[in-house]
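Me: Please take a close look at the salt bridges in this model. I would like each pair placed by its exposure and its setting, followed by the packing around them.

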Amino acid sequence: MRFFLSLMVLLCWCLPTIALSLTPGNNAQDVQLDTIAGEPSDVPEAPPPDSEKIALPGLEDFVDGAVGALMEANDVPGVTISIVHDGKVALAKGYGYADVAFEKPVDPDKTLFRIGSISKTFTWTAVMQLVEEGKLDLDTDVNEYLTQFQIPATFDEPITMRHIMSHTTGFEDLFQRHFVPDQEKNVLPLAVFLERSMPARFKAPGGFHGYSNWATALAGLIVANQSNTEFSTYVERQIFNPLGMGHSTFREPIPSNIRDGLSAGFRKVDGAYIDIGFEYVSDAPAGAMSSTATDMAKFMLAHLNDGKYKGARILTPETARKMRKPLYQPNKAIPATLHGFFEKRYNGRFSYGHVGAMPAFVSEMALMPAEGGGIFVSTNSRAGFSVIGPLFREFFDRYYPHPSDIAESKVPTAVAPRNDGVETAVSYAGTYRILRRPVTTFEAGFYSLLSDAKVMSMAPGELNLTLPFDKTRRMIASQNNVFRDVNNPDVAISFHEMGKGEIKLVTGSDYGDFEKIGFLESGETHRYVLGIGVVVMLGTVFGGIWAFPKWLAMNGGEKVARAVQFIAVAVNLAFICLLYLTVPTSTYEINFTRGLPNMELLLSVPLVATIFGVIAAVMVVPAWINGYWSWLGRIRYTVVAVVLLVFAWSLNYLNLLGPWYV
């Protein structure tokens with residue numbers, strides 16, 4: 001059990017949180033289910049000057065109370081927040097400590113937080129700047145922009161910047177040993193890192209959404225190549241400096257002139273906050289940025305004001321508006337992937353932004369162009385997930401309620417199902433696996449075991465949906481192939497038949513699409529196989545030890561058969577124990593992304609067990625022919641032999657059988 005808990009910790013770090021992605025609001029509403037206020041195709045170019053503004057009365061008191069309560073309840077040491085509205089900074093404030101030991105308070109102007117994947121929005125802004133200049137084309141094979149290496153032509157269709165910005169490249173997503181080196185000297189130059197850590201292409205581009213840090217970092221390299229400038233320098237010259245973001249950087253370590261402002265990153269051990277140290281990031285354009293709440297307010301205002309902030313323009317109005325438009329949206333009922341940003345729907349309103357997560361920092365940014373508002377929140381602890389999600393919901397419910405709330409319309413208790421979704425509810429039931437996942441390495445086994453989604457058909461037109469690390473949701477058919485959370489219509493899923501029996505599940509979050517898998521592929525199936533296998537093998541070991549005197553008295557064939565099987569069982573159990581000791585119970589003690597030690601040797605161990613297991617299976621034949629032991633003894637031997645073979649099959653499926661999976 002502790003081993004599986006360890007794997008869950010790893011996946012919780014590696015995967016963007018479902019909680020932030022799929023819980024934007026919490027009120028059931030009688031809404032037009034296929035439209036949304038200010039959806040991408042209808043977003044105003046900028047809030048009309050004479051439009052009715054949404055006021056933010058009592059903002060500071062509200063935020064003080066909400067943040068303070070959430071920090072105390074979830075034991076978060078520090079939070080920084082900025083809110084913009086109507087072209088101005090409505091609030092920029094810090095809460096708690098940037099350094100607990102010295103009781104150094106968070107300063108919204110000077111305290112830098114690691115913003116994780118929100119860094120990507122700066123990379124996409126840089127990409128679109130070069131598109132404006134004619135130095136990049138969204139539909140050109142990106143190999144034309146690469147001089148250091150080339151992406152293999154695994155599929156006929158090349159990868160383009162459009163695929164990268166929409167996370168539809170078809171790359172597997174890897175974490176182990178690449179992304180978070182333990183010290184500065186191990187941070188590789190961007191091009192070297194990308195070439196050494198290139199993931200496999202396992203899907204043709206354009207068909208599936210699968211979030212990719214590596215591909216985003218590749219976009220940063222292309223920015224550097226096409227501008228003849230180091231990526232971090234380019235962003236400083238073209239974004240930070242024009243906007244006056246003097247306390248923001250992609251550089252690692254933090255430049256000396258602002259280093260004193262960097263917040264520590266904390267976790268709590270035995271009741272005390274522990275600084276886990278600076279988190280170096282090799283794929284810098286995808287997640288290395290550090291910034292302050294005030295600087296992030298300037299960036300939000302620039303995007304909301306069509307690329308301009310206080311006389312400084314970083315994008316043309318046409319480009320700024322284009323970045324709010326969909327690049328990937330299989331169904332208009334589902335939030336879209338925009339030009340690098342992600343659409344999110346709060347209370348029936350369109351917003352766009354990004355979530356960021358690192359081992360000790362959690363952040364989120366959301367922009368509402370129709371309302372002229374934006375919010376950025378960052379925390380210096382992973383417990384910040386439990387602060388940001390509720391804070392965003394409270395903020396939107398208070399200041400940006402559903403338009404029907406403003407009109408005081410009747411609120412029903414559920415969304416009524418549509419008849420054309422009734423039959424499809426049955427056909428879509430099954431197990432689904434995330435497309436953002438490793439495929440060729442041993443990491444794939446962890447994902448296969450723990451990251452599947454379950455869809456169960458309930459009443460006519462109704463499904464139960466359970467996503468990884470999320471609660472089970474009751475989903476009602478709102479149109480053909482589209483289902484909505486009965487308690488929160490902002491949350492929807494859709495199903496799409498891809499041909500050749502393939503079905504994909506689209507969640508509308510930055511987490512990615514899922515594809516339907518069969519019974520033998522299901523993580524639940526393999527958990528049962530491994531669990532039953534371990535129980536049977538433990539029984540075999542204890543039984544073998546107890547019967548050791550009898551074994552000594554057996555004849556040659558009987559003795560060899562028992563010995564071979566005992567060795568196979570013992571080696572398999574040793575492998576499980578070693579795997580438990582190798583895989584960290586906390587991503588902070590032994591960071592999974594820095595590389596697990598001796599994995600090649602470790603994954604060779606079950607090969608030995610498999611060889612002995614095959615020999616034991618072969619010896620089932622002479623055991624029955626020659627009448628080894630009693631008939632009950634032969635049955636036990638045969639059952640254990642079958643268990644060994646099935647156990648080896650499962651390990652191989654999970655990429656845990658052989659050093660070539662490292």
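Reply: Buried is used here for a relative accessible area under 20%, exposed for one over 50%, and partly exposed for what lies in between. The model is predicted.

The structure holds 24 salt bridges. One of them joins arginine 474 to glutamate 462, with 2.9 Å from N to O. Arginine 474 belongs to strand β17 (residues 472-479) and glutamate 462 to strand β16 (residues 462-466), so this pair ties together parts 12 residues apart in sequence. The two ends fall in separate exposure classes: arginine 474 has a relative accessibility of 39% and is therefore partly exposed, while glutamate 462, at 13%, is buried.

A second pair is made by the side chains of arginine 162 and aspartate 139, at 2.6 Å from N to O. This pair links distant parts of the chain, 23 residues apart: arginine 162 sits in helix α5 (residues 161-165), and aspartate 139 in the loop between α4 (119-132) and α5. Arginine 162 is partly exposed, with a relative accessible area of 29%. Aspartate 139 is partly exposed as well, at 46%; that value is still not over 50%, so aspartate 139 does not count as exposed.

In a third pair, arginine 345 and glutamate 343, the closest N and O atoms are 2.7 Å apart. Here arginine 345 is buried at 4% relative accessibility, and glutamate 343 is buried at 2%. Both values are under 20%, so neither residue of this pair reaches the partly exposed class.

Some charged residues are joined in a network. Lys203, Arg437, Glu502 and Glu515 are linked in this way by salt bridges.

The nonpolar packing comes next. The largest nonpolar core has 74 residues, and among these Phe122 and Leu218 touch the most other members. Elements giving two or more residues to this core include α4, α5, α7 (213-227) and β11 (349-358). Helix α7 contributes the most, with 9 residues. Apart from its neighbours within four places in sequence, leucine 218 is in contact with Val142, Leu146, Phe149, Ile151, Ile164 and Leu194. A second core, separate from the largest one, has 29 residues, among them Met71, Ala366, Val377 and Phe392. In soluble globular proteins, nonpolar side chains tend to be buried together.

The remaining setting is a sheet. Seven strands form an open, antiparallel sheet in the order β3-β2-β1-β13-β12-β11-β10. Its edges are β3 (104-105) and β10 (342-346), each of which pairs on one side only. The residue range of β10 takes in both arginine 345 and glutamate 343, the third pair above. At the other edge, β3 pairs with strand β2 (residues 88-99) in the antiparallel sense over 2 bridges, and tyrosine 97 stands opposite proline 105 in β3.

Two helices complete this view. Helix α3 (residues 59-74) lies across β1 (78-85) and β2, at about 25 degrees to β2. Helix α12 (residues 385-399) packs on the sheet through β1, β10, β11, β12 and β13 (373-379), and its direction makes about 20 degrees with that of β12.

Terms used:
Residues are numbered from 1 along each chain as its sequence is written. This is a predicted model: local features need pLDDT of at least 70, side-chain atom pairs count only at pLDDT 80 or more; totals for chains, interfaces and linings use all residues. Side-chain values use heavy atoms; hydrogens and water are left out. A salt bridge is a side-chain nitrogen of Lys or Arg within 4 Å of a carboxyl oxygen of Asp or Glu. Helices (H or I, at least four residues) and strands (E, at least two) are DSSP runs, numbered from the N terminus. Buried means under 20% relative accessible area, exposed over 50%, partly exposed in between (1.4 Å probe, protein chains only). A nonpolar core is a set of buried Ala, Val, Leu, Ile, Met, Phe, Trp, Tyr and Cys residues joined through side-chain atoms within 4.5 Å. Contact means heavy atoms within 4.5 Å. Two strands pair if DSSP finds at least two bridges between them. Axes are lines fitted to C-alpha atoms, for helices over the stretch in contact, and angles run from 0 to 180 degrees between N-to-C directions.
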